[in-house]
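Work through these exercises with the structure open beside you. Try each task before you read its solution.

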Amino acid sequence: MWRGTIVVSGIVGVGVFYYASSLPPIEELVDGRTRGSVTLQDAQGDTFAWRGDQFGGMITTDTVSPHLRNAIIATEDKRFYAFYHIGIDFYATGAAMARNYRQGGNPLSGAGGSSITQQTAKLLCYGQPFVPDEWESETEYEQDCRTTTLWRKIVEATYAIAMETRYTKDEILTIYMNRAYLGAGSRGFEAAAQRYFGISAAEVNPPQAAMLAGLLKAPTSYAPTGNLQLSQDRGATVLRLMHEAGYLTAEEEATAQANPATLSSAARQRAGGYFADWVMDSGPNFFTEQTTEDVIIRTTLDPRVQAAAEEALVWVFENKVREGSEAQAAIVVMSADGAVRGMVGGRDLTVSGAFNRATQALRQTGSLFKIFVYGAALDLGMSPLDILSDEATCFPIRGQSDYCPANYTNRFEGDVTMVEALQRSLNIPAVALSELIGRDNVRTTAENFGIVSELAQGPALALGASESTLLEMTGAYAGVLNGGSAVKPYGLTELRLAGEDEPLLEATGGIRERVIQEDAARQLTWMMHQVVEDGSGRRAAIEGWEIAGKTGTTQGARDAWFIGFSGDYVTGVWMGYDNNTPLSGVTGSGLPAEIWHETMRRVLDGLTPTPLPMTPPVPAAAPAPQVDQAQAGDGLGLPPQVADDIINDLLLELQNSGG
């Protein structure tokens, strides 16, 4: 026994000496991240989302709040500062192993008992750095470092004693506070305090300190952004431990228990998750998903607009949609130059990394596509008052059966003006007009307005048989509002490294080349205004505001859309099922128009109404009256030749004056 003890002690001693001699200064150990972080700011410069591993900067035992330091000690290792504590709490370790054995038969599996020094040794992976070529991911590397075996416990103990030999207690605690993972991408207590409370770790009060220290047990499960109540309950336990350890008086504990920590406004809202994901995808990968630097991205997001879209979606589904419905919806709000101000990619508003129906879902556009037909026609010189025929018509397709579209109502309206056809969303006039002006012109107009998806080849092109995303279509409608120029929807306005003033990247979206003449765009806007005033989009109308828009419902009612704009904002709404199940009793003029109305009513609240940039068509001049010149001359009592001259002069004057 004594010989074995000497041998083991010798091995441990050699290990301690080896590890202690190889440990670097603590400044090299506080930031253990292998990748950087991305902080996303809204248009006003306020942070609304985080991605990657956040590190708020180095903190020490002297710079953090005393409450935080005390909460960590009371929770994780109450004998940490004891003179006999050499990196291992033998009592706590023995008690944990006995408890694990009684509960599961394996003393090394289950509850911890590791000291703060031992936990820090694990965080440092016993001095083994992460080598990307040797591991599939950093997560796999970290899980391996935390795997508990008898040999690993011996290595852990040896490394912990070496740390106690090399560093002071405060230095070990400093490494621990900076490297601990605390949920929601937060590495270290400074990042966590900023992430959850919007303040520095130096400023946290007892309830906040208790909540942060409570995260050490299970950071993902106890993260307050995931389950605030669970996190508060864990914080209450930590407050009790702080009182038992003498860090809080009974009165201080009672006050803290009565006032649990709550999240900051930005952390609580968790707004803009879909928008943040889209911006991350739109930037260069080496500065977003794969960044090794800390990056700050300024975006176009308007938190007021984002909140309006989220509130509107929730309100409509709670009040207008049957309970239990699995229908989904998406919303995009942008300015006329393509700057996206708000985005909702689905009904779950708290997710990140989820499927974004606003940017990723390719769906048939239905009658939304008709604006490209009418826009192209107006650009070629036609008038909104030109007559189209709405009657049963079949259109030949080479090598296939004839295409015979029908209206949604299964009725025919006869001769109608272009604006009436758009108001009522009539299908046959739209197809006939597309065939008249040429499908290539329609296709070119759509593509130039930003529709990059493959477009249908046959006459069904005019009725939106092609697929597109809500973001694409909303951007195309923004082109109509801005006077006929294409836009590239964008959300990133500036990307810079943390601590730097000069941006590395600035906005690449915005207004592009002209697609249709401004007068054509203004007439098309007027036609779309009639859709809302007295057509299929009446539910989108907002009192006191000029609104233009268009409904869209695809074949079989698998997709329902409404996209429209005021003088300031373009908003697009899509509704449907992810599995393409037909909607029941829903068309673009129904729930999508209501979601649009509720969104824009909130967005425009308190703003001064802006008139739409539209031009009503000028009716054609009435033909000049046909006059029997001989009879006119007789009535005047003049010779026929003189009467002819006078009448011709009068007619010429009338024509010149526009009469």
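Two strands pair if DSSP finds at least two bridges between them. Keep that rule in mind for the sheets below. Note also that this is a predicted model.

**Exercise 1. Take stock of the chain.**
Task: State how many helices and strands the chain has, and what share of its residues is buried.

Solution.
- Step 1. The secondary structure comes to 24 helices and 16 strands.
- Step 2. The chain has 659 residues, and 51% of them count as buried.
- Step 3. Turn to the surface. The accessible surface is about 30400 Å², and 50% of this belongs to carbon and sulfur atoms.
- Step 4. Look at contacts between residues at least 6 apart in sequence. Of these, 71% join residues at least 24 apart.

**Exercise 2. Trace the mixed sheet.**
Task: Find the strand order of the open sheet with mixed pairing, and name its edge strands.

Solution.
- Step 1. The sheet has 5 strands, in the order β2-β1-β3-β11-β12.
- Step 2. Its edges are β2 and β12 (505-506), as each of these pairs on one side only.
- Step 3. Zoom in on one pair. Strand β3 (residues 295-299) and strand β11 (residues 492-497) are antiparallel and share 5 bridges.
- Step 4. Pick out one bridge. Ile-297 has Leu-495 in β11 as its partner.

**Exercise 3. Place helix α14.**
Task: Decide whether α14 is largely enclosed or largely open, and say what covers its buried residues.

Solution.
- Step 1. Locate the helix. α14 lies across β1 (37-41), β2, β3 and β11, and runs at about 55° to β2.
- Step 2. Count the buried residues. They make up 8 of the 10 in α14, so the helix is largely enclosed by the rest of the structure.
- Step 3. Name some of them. Tyr-274, Phe-275 and Trp-278 are among the buried residues of α14.
- Step 4. Find the cover. It includes β1, β2, β3, β5 (340-344), α20 (470-481) and β11.

**Exercise 4. Follow a salt bridge from α14.**
Task: Which residue forms a salt bridge with Asp-277, and how far apart are the closest N and O atoms?

Solution.
- Step 1. The partner of Asp-277 is Arg-51, with the closest N and O atoms 2.9 Å apart.
- Step 2. Asp-277 sits in helix α14 (residues 273-282) and Arg-51 in strand β2 (residues 47-52), so the bridge ties together parts 226 residues apart in sequence.
- Step 3. Apply the cut-off: buried means under 20% relative accessible area. Asp-277 has 15%, so this residue is buried. Arg-51 also has 15% and counts as buried.

**Exercise 5. Trace the antiparallel sheet.**
Task: Give the strand order of the open sheet with antiparallel pairing, and find helices that lie across its strands.

Solution.
- Step 1. This sheet also has 5 strands, ordered β5-β4-β16-β15-β14.
- Step 2. The edge strands are β5 and β14 (548-553).
- Step 3. From one strand to the next, the twist averages 5°.
- Step 4. Check one pair. β15 and strand β16 (residues 569-576) run antiparallel and are joined by 7 bridges. Ile-563 has Gly-572 in β16 as its bridge partner.
- Step 5. Add the helices. Helix α15 (residues 303-319) lies across β4 (328-335), β5 and β16, at about 30° to β5. α20 lies across β4, β5, β14, β15 and β16, at about 35° to β4.

**Exercise 6. Survey more salt bridges.**
Task: How many salt bridges does the whole structure contain? Examine two pairs and one network.

Solution.
- Step 1. The search finds 16 salt bridges.
- Step 2. Asp-559 and Arg-363 meet at 2.5 Å, N to O. Asp-559 belongs to strand β15 (residues 559-565) and Arg-363 to strand β6 (residues 363-364), 196 residues apart.
- Step 3. Asp-559 is buried at 3% relative accessibility. Arg-363 is buried at 8%.
- Step 4. Lys-122 and Glu-156 form a salt bridge at 3.8 Å, N to O. Lys-122 lies in helix α4 (residues 116-123) and Glu-156 in helix α6, 34 residues apart.
- Step 5. Glu-156 is buried at 1% relative accessibility, and Lys-122 is buried at 19%.
- Step 6. For the network, link Glu-311, Glu-598, Arg-601 and Arg-602.

**Exercise 7. Find a nonpolar patch.**
Task: Which residues form the nonpolar surface patch that includes Ile-154?

Solution.
- Step 1. Ile-154 is in helix α6 (residues 150-166).
- Step 2. Its relative accessible area is 40%, so Ile-154 is partly exposed.
- Step 3. Leu-150 and Trp-151 join Ile-154 in the patch, with about 370 Å² of accessible area together.

Conventions:
Residues are numbered from 1 along each chain as its sequence is written. This is a predicted model: local features need pLDDT of at least 70, side-chain atom pairs count only at pLDDT 80 or more; totals for chains, interfaces and linings use all residues. Side-chain values use heavy atoms; hydrogens and water are left out. Patches are made of residues with over 30% relative accessible area and no salt bridge: like charges are joined within 9 Å, nonpolar side chains (Val, Leu, Ile, Met, Phe, Trp, Tyr) within 5 Å. Accessible areas come from the Shrake-Rupley method with a 1.4 Å probe; for residues, only the protein chains shown count as cover. A salt bridge is a side-chain nitrogen of Lys or Arg within 4 Å of a carboxyl oxygen of Asp or Glu. Helices (H or I, at least four residues) and strands (E, at least two) are DSSP runs, numbered from the N terminus. Buried means under 20% relative accessible area, exposed over 50%, partly exposed in between (1.4 Å probe, protein chains only). Contact means heavy atoms within 4.5 Å. Axes are lines fitted to C-alpha atoms, for helices over the stretch in contact, and angles run from 0 to 180 degrees between N-to-C directions.
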